[in-house]
Amino acid sequence: MPFDEAAIRLSAFIAVFTAMALSEAAAPRRPRAYSRLTRWPGNLAIVTLNTVLVRVLIPATAVSLALIGAKRGWGVMNNLPVPSWSAIAGSVVLLDLAIYLQHVMFHAVPGFWRLHRMHHTDLDFDVTTGARFHPIEIVLSMLIKLGAVAALGTPAAGVLIFEVLLNATSMFNHGNLRLPGRLDRYLRWLVVTPDMHRVHHSIVVGETNSNFGFNLPWWDRLLGTYRDQPAAGHEGMIIGIEQFREARELRLDRMLLQPFRGPGGRYAITWRSPA
Ligand SMILES: [Zn+2]
Ligand SMILES: [Zn+2]
């Protein structure tokens with residue numbers, strides 16, 4: 001491999017995480033409902049678990065698969081005479097669209113919602129929420145990403161840029177960070193901001209089912225899922241979903257079992273009327 005993928009990813013993660021944690025402490029958007037000590041051990045444990053699990057279960061990273069694809073001529077971009085810079089830019093945009101569609105699917109299909117709702121059961125919203133996903137969702141989304149990389153024939157550099165960017169923007173847009181209103185309004189045209197994504201973590205069903213983007217904000221605006229602000233305001237809104245609202249649900253063991261406990265809830269877009 002021409003670059004050390006693991007080192008690039010880990011150092012970017014540490015740098016962005018530290019910057020966000022410090023910014024949150026300096027300019028918080030909302031008072032915390034739970035202390036860091038209550039939430040962070042579970043959230044950080046699940047990130048570590050997910051990282052190890054993906055390494056053990058899936059032998060190829062998306063970047064290594066892109067390198068193999070380039071050698072063997074897999075996928076659309078490896079078979080089109082596109083200049084490399086536009087293939088790199090195109091892959092960042094197309095992979096982002098794939099992640100947006102995947103996120104909508106994880107809300108729409110009841111079985112997938114059971115997995116994804118663990119991301120929504122955090123009772124506060126901060127940088128650690130951005131990496132808090134159920135391991136089965138992480139493995140499934142890795143497989144979907146590998147499929148997208150093979151089918152699109154995205155160049156390895158594009159995949160690496162996309163992954164580092166998505167990791168960074170996910171920590172940024174989950175930040176409990178107060179940005180000046182005008183800056184937020186301008187930034188929202190380029191990247192999903194904390195105030196934009198926080199709407200997605202509202203307990204209100206219609207707000208949960210909006211603002212699905214993690215990185216580029218355009219898909220929500222283009223495809224009709226954009227919502228500007230939460231009805232109750234950022235300080236008045238309730239974070240989380242109606243289920244799993246006790247503090248013990250923030251523990252790793254409880255989080256891992258959440259997909260298999262209780263009813264599906266009325267968030268997923270089902271064709272049946274909710275029970
Ligand atoms: Zn979601
Ligand atoms: Zn989120």
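**Exercise 1.** Is R261 buried, partly exposed or exposed, and what is its relative accessible area?

*Solution.* Before we start, note that this is a predicted model, where local features need pLDDT of at least 70, side-chain atom pairs count only at pLDDT 80 or more, and totals for chains, interfaces and linings use all residues. Residues are numbered from 1 along each chain as its sequence is written, chains are lettered from A and ligands numbered from 1 in the order in which they are written, and side-chain values use heavy atoms, with hydrogens and water left out.

Step 1: recall the classes, which are buried for under 20% relative accessible area, exposed for over 50%, and partly exposed in between (1.4 Å probe, protein chains only).
Step 2: R261 has a relative accessible area of 22% and is partly exposed.

**Exercise 2.** Find the salt-bridge partner of R261 and place both residues in the chain.

*Solution.* Step 1: a salt bridge needs a side-chain nitrogen of Lys or Arg within 4 Å of a carboxyl oxygen of Asp or Glu. By this rule the count comes to 17.
Step 2: the R261 side chain meets that of E249 at 2.6 Å, N to O.
Step 3: R261 sits in the segment after α13 (252-257) and E249 in the loop between α12 and α13, so the pair ties together parts 12 residues apart in sequence. Helices here are DSSP runs (H or I, at least four residues), numbered from the N terminus.
Step 4: E249 is buried, at 2%.

**Exercise 3.** Trace the salt bridges of R188.

*Solution.* Step 1: R188 meets D184 at 2.9 Å, N to O, and both of these residues are buried.
Step 2: R188 also meets D228 at 3.2 Å, N to O. This pair links distant parts of the chain, 40 residues apart: R188 is in the loop between α8 (181-187) and α9 (194-198), and D228 in the loop between α11 (218-223) and α12 (233-236).
Step 3: compare accessibilities: R188 counts as buried at 2%, whereas D228 is partly exposed at 41%.

**Exercise 4.** List the protein donors of the zinc ion (ligand 1) and locate H107 and H120.

*Solution.* Step 1: donors are N, O and S atoms within 2.8 Å of the metal (3.2 Å for Na, K and Ca); water is not among the atoms, so sites may look incomplete.
Step 2: the NE2 atoms of H103, H107, H116, H120 and H200 lie 2.0 to 2.2 Å from the ion.
Step 3: H107 belongs to helix α4 (residues 84-108) and H120 to helix α5 (residues 110-120), so this pair ties together parts 13 residues apart in sequence. H107 and H120 are both buried.

Conventions: Helix = DSSP H or I, 4+ residues; strand = E, 2+ residues; numbered from the N terminus.
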